[in-house]
Amino acid sequence: LHMGKTMKEDLTVVAKYIKQLYPPEFNVFSVYAELYHNYFSSQAKKNAESYLEDKDIYLLLSWVHNFYPKEMRKDHALAMELDKVKLGSLLPSSLSKELEKKYLDSEEVTVKNSLSRCLDKEIQRWKEDKEPEKLNGHFQSELLGIFVIQSIYSGQKRAEDISKAVGEELSRRLLKELPAFLRSYRDAFEDFKEKSKKHRYYKPILIANINNCGNFREYMEKYMAEKDYSKADILSTLADIENSGFDVLLQQLFAQLKPMYKKFTENKWDSSSEIMNEIIKTTSKHISDFQTLKDPFYHAIVEKIHTRLVKEYIVRLLKRKVSLKTPAQQQTLAQHISKNAADLEAFCTSNGSQAMWLNSALPKLAEIIRLQDLGAIKIEVATLATSYPDIRKRHLEAFLHIKANLSRSELKSILGYLADSTAATQPRAPLFSNINVS
């Protein structure tokens, strides 16, 4: 600092007052600048070749790449004069590269150890069974959700302050560490999930960990290039944590709903409105527990619930438990299904489901039951297959068991029409492909 200040002040005096006292061919400013630079450079080289602590390496690199070329040599009083003098760097390139490598190696180890300690502390907190912190009504882990990202970001920022190239290299190294850290995090989370089911704050801790994934995703989208080879690895690990958490959070609800859905076929769809009300009431109690999830995850879990509610209803329609011979009976069942579908859609939408793609499945099935004209049935089957390309013959055949007044040839004709109209298009999200037909 003293050398830098002295050089800057002295060269300013040379530029303003001394230079004009000599003939131009003497290049007085150049002589002074080179002498000062050579002395400064020799001192820097001497320091670089001695033993340095990590913070000293950082400081010396900051002088080489940042303070000396930018703060001093770009000073408005000196810039024009110094641009005429080719002073070069404070350190030889080979020595500078050696220091950069030492700095990068050290910083990589520091951040890696910091992440490891952070995960250990977080695991300890899970074991203590304490309610996670809340931010804006959402459970979160300050250690994992914030501190880990801050550690990586701070490391990158410090490196960038030395030079863009050093910053990019450290970013590359740290982003290579992130997948390994997240895999350790996932394994620890799985261990907690299996062994701590009786903990008082089991579900809030699961929710906090799902919310953490959002912070990692945001960071990754902001700082990782689309083609970065580790991006897919990170996304896959985060999805594992999220889906694993969702599965546990939804386990109890889905177990409670199973016997309720059985009542539809047991009662041959009589009292179907009451059954649907019971399903909605039970689901509503569980959804209120999920309000502590951050918005993207709340919407994701509600979409999973919405998908499950529609899927379970379709499962009951494919059970071959109801066979109706008259159009009037089929009309009544179609009305029940349409009413149930409307109630289901209203409930899921009011609770934030954005899975609009699910809303036409049950009304289309109701319409197939209601229709009696063979041509009209085929058209409705075609539109159903267009909306849900994962529907297969086995699903439709099981469903058409309801329409007992169809002849064998009519049934074959409708099934053949489905085969013609279903292309190899992949569904936006699976619905029928997740339904096994017995």
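Begin with the largest pocket of this predicted model, which has a volume of about 390 Å³. Select Phe254, Lys304, Thr307, Arg308 and Asn434: of the 13 residues that line this pocket, these are the closest to its centre. Then display helices α9 (231–266) and α11 (295–317), the elements that give two or more residues to the lining. The largest share, 5 residues, comes from α11. Colouring the lining of the largest pocket by class will show 5 nonpolar, 3 polar and 5 charged residues.

**Second largest pocket**

Move next to the second largest pocket, with a volume of about 250 Å³. Select Leu1, Asn47, Leu59, Leu60 and Trp63, which lie nearest the centre of this pocket among its 13 lining residues. Helices α1 (2–18), α2 (28–48) and α3 (54–72) should be shown alongside, as each supplies at least two residues of the lining. By class, the lining of the second largest pocket holds 9 nonpolar, 3 polar and 1 charged residues.

**Domains**

Colour the chain by its domain assignment, which gives domain 1 (1–91), domain 2 (99–242) and domain 3 (266–418). How far apart do the C-alpha centres of domain 1 and domain 3 lie? The separation between these two centres is 78 Å.

**Enclosed cavities**

Turn now to the enclosed space. The count comes to 2 cavities of 30 Å³ or more. For the largest cavity, with a volume of about 60 Å³, select His306, Val310, Ala341, Leu344, Glu345, Leu358, Asn359, Leu362 and Pro363, the residues that line it. At least two lining residues are supplied by each of α11, α12 (327–350) and α13 (361–370), and α12 provides the largest share, 3 residues. The lining of the largest cavity divides into 6 nonpolar, 2 polar and 1 charged residues.

The second largest cavity has a volume of about 40 Å³. Select Val315, Leu318, Lys319, Ile435, Asn436, Val437 and Ser438 to display its lining. The classes in the lining of the second largest cavity are 4 nonpolar, 2 polar and 1 charged.

**Nonpolar core**

In soluble globular proteins, nonpolar side chains tend to be buried together. In this model, the largest nonpolar core has 135 residues, of which Ile314, Leu362 and Phe399 touch the most other members. Helix α9 gives the most to this core, with 13 residues. Leu362 has already appeared on this tour, in the lining of the largest cavity.

Centre the view on Phe399 and add its contacts. Leaving aside residues up to four places away in sequence, Phe399 touches Leu317, Leu318, Leu365, Ile368 and Ile369. Of these partners, Leu318 also lines the second largest cavity.

**Isoleucine 207**

For the last stop, select Ile207, found in helix α8 (residues 202–223). Is this residue buried or exposed? Ile207 is buried, because its relative accessible area of 3% falls under the 20% cut-off. Which residues does Ile207 touch, not counting those up to four places away in sequence? The contacts of Ile207 are Phe139, Leu249, Asp289, Thr292 and Leu293. Finally, draw a distance from Ile207 to Ser106: the two residues are 101 residues apart along the chain, and their C-alpha atoms are separated by 35 Å.

Note on methods: Residues are numbered from 1 along each chain as its sequence is written. This is a predicted model: local features need pLDDT of at least 70, side-chain atom pairs count only at pLDDT 80 or more; totals for chains, interfaces and linings use all residues. Side-chain values use heavy atoms; hydrogens and water are left out. On a 1 Å grid over the protein atoms alone, a cavity is a set of points where a 1.4 Å probe fits but cannot get out, and a pocket is an open set with protein on both sides within 12 Å along at least five of seven lines; lining residues have an atom within 4 Å of a point. Grid points are joined across faces, edges and corners, and a volume is the space filled by probe spheres set on the points. Helices (H or I, at least four residues) and strands (E, at least two) are DSSP runs, numbered from the N terminus. Ala, Val, Leu, Ile, Met, Phe, Trp, Tyr, Cys and Pro count as nonpolar, Asp, Glu, Lys and Arg as charged, and the others, Gly among them, as polar. A nonpolar core is a set of buried Ala, Val, Leu, Ile, Met, Phe, Trp, Tyr and Cys residues joined through side-chain atoms within 4.5 Å. Buried means under 20% relative accessible area, exposed over 50%, partly exposed in between (1.4 Å probe, protein chains only). Contact means heavy atoms within 4.5 Å. Domain bounds come from an automatic or database domain assignment.
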